[in-house]
Amino acid sequence: MYNKKTETAIAAASRLAEVYDGGKTRLSVVEIATSRGLQRPFLAKVLTDLSQAGIVSGIPGPGGGFALAKHPSEIVIFDIFKIFENQKTTHDCPFGGGICGSGTPCPLHGRLVDVQQSVDRFLHETSLSSFQNVDQNRKVESHARSAGDMVRRGSFQARLEIPAV
């Protein structure tokens, strides 16, 4: 549903929301990566982008780390989404036949509009406060054989079930 940078950014920001205490608690890239099953070098780049956008603040060196730059209730998922995702709206019908909304709508038009409106609502109405007070000790389930193995979490993906004809 989202690109890898967006997923990584949401995972990192949600972890920082779990420990948010006004910025006193800071987590290192290693701590965030370990708790969410993320790749450290990639996460470091994403956190730099989030810092430049004002979502997180970082302090380098020993005793440093990252924290949310604002209270979790002031950051909605869309704030992160817009940093990494192309927001160009296309009006092309996904089933061909030209521009959506011109002429007779395709049979799925109404359902597609409903889905897009639901996603938009989710992005704009869901704040990082949803992650506060979550069990901070939860671990990413791991089937790795050694501590050095990276575990890729399954991500949410919309499922299209096509009925048998």
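These legends walk through close-up views of one predicted model.

**View 1. Helix 3 and its buried face.** Helix 3 covers residues 40–52. With 13 residues at 1.5 Å a residue, it should span 18 Å, and its end C-alpha atoms are indeed 18 Å apart, so expectation and model agree. Look for Leu43, Val46, Leu47 and Leu50, the buried residues of this helix. Seen down the helix axis, they fall within an arc of 105 degrees, so they line one face of helix 3. Turned away from that buried side are the exposed residues Pro41, Lys45 and Gln52. Just after the helix comes glycine 54, with a positive phi of about 80 degrees.

**View 2. What sits over the buried side of helix 3.** Here the surroundings come into the picture. The cover over the buried residues of helix 3 includes helix 1 (4–18), helix 2 (29–36) and helix 4 (77–84). Strand 1 and strand 2 are also part of what covers them.

**View 3. The hairpin of strands 1 and 2.** Strand 1 (residues 56–59) and strand 2 (residues 65–68) run antiparallel and are joined by four bridges. To get your bearings, find valine 56: it stands opposite leucine 68 in strand 2. Five residues lie between the two strands of this hairpin. One residue to check in the turn is glycine 61, which has a positive phi of about 90 degrees.

**View 4. A salt-bridge network of Arg15, Glu18 and Arg36.** The model has four salt bridges by count, and this view shows a network that links Arg15, Glu18 and Arg36. Start with arginine 15 and glutamate 18, whose closest N and O atoms are 2.7 Å apart in their salt bridge. These two are three residues apart in helix 1, which means about one helical turn separates them. Glutamate 18 also meets arginine 36 in a salt bridge, at 2.9 Å from N to O. That second pair ties together distant parts of the chain, with glutamate 18 in helix 1 and arginine 36 in helix 2, 18 residues apart. Are these charged side chains buried or exposed? Arginine 15 and glutamate 18 are both buried, and arginine 36 is buried too, with a relative accessible area of 4%. For glutamate 18 the relative accessibility is 4%, so this residue counts as buried under the 20% cut-off.

**View 5. A salt bridge within helix 4.** Aspartate 79 and lysine 82 meet through their side chains in a salt bridge of 4.0 Å, N to O. They sit three residues apart in helix 4, so about one helical turn lies between them. The partners have their own surroundings: aspartate 79 is buried, with a relative accessible area of 15%, whereas lysine 82 is partly exposed at 42%.

**View 6. Serine 127, after helix 5.** Where does serine 127 lie? Find helix 5 (109–125) and carry on into the segment after it. At 11% relative accessibility, serine 127 counts as buried. Its side chain makes a polar contact of 2.5 Å with the side chain of serine 129. Setting aside neighbours within four places in sequence, serine 127 is in contact with Pro72, Ser73, Ile75 and Val76.

Technical notes:
Residues are numbered from 1 along each chain as its sequence is written. This is a predicted model: local features need pLDDT of at least 70, side-chain atom pairs count only at pLDDT 80 or more; totals for chains, interfaces and linings use all residues. Side-chain values use heavy atoms; hydrogens and water are left out. Buried means under 20% relative accessible area, exposed over 50%, partly exposed in between (1.4 Å probe, protein chains only). A polar contact is a pair of N or O atoms within 3.5 Å; within protein, one must be able to donate a hydrogen and the other to accept it, and residues adjacent in sequence count only if both atoms are side-chain atoms. Contact means heavy atoms within 4.5 Å. Two strands pair if DSSP finds at least two bridges between them. The expected span of a helix is 1.5 Å times one less than its number of residues. The arc is that of the directions from the helix axis to the C-beta atoms.
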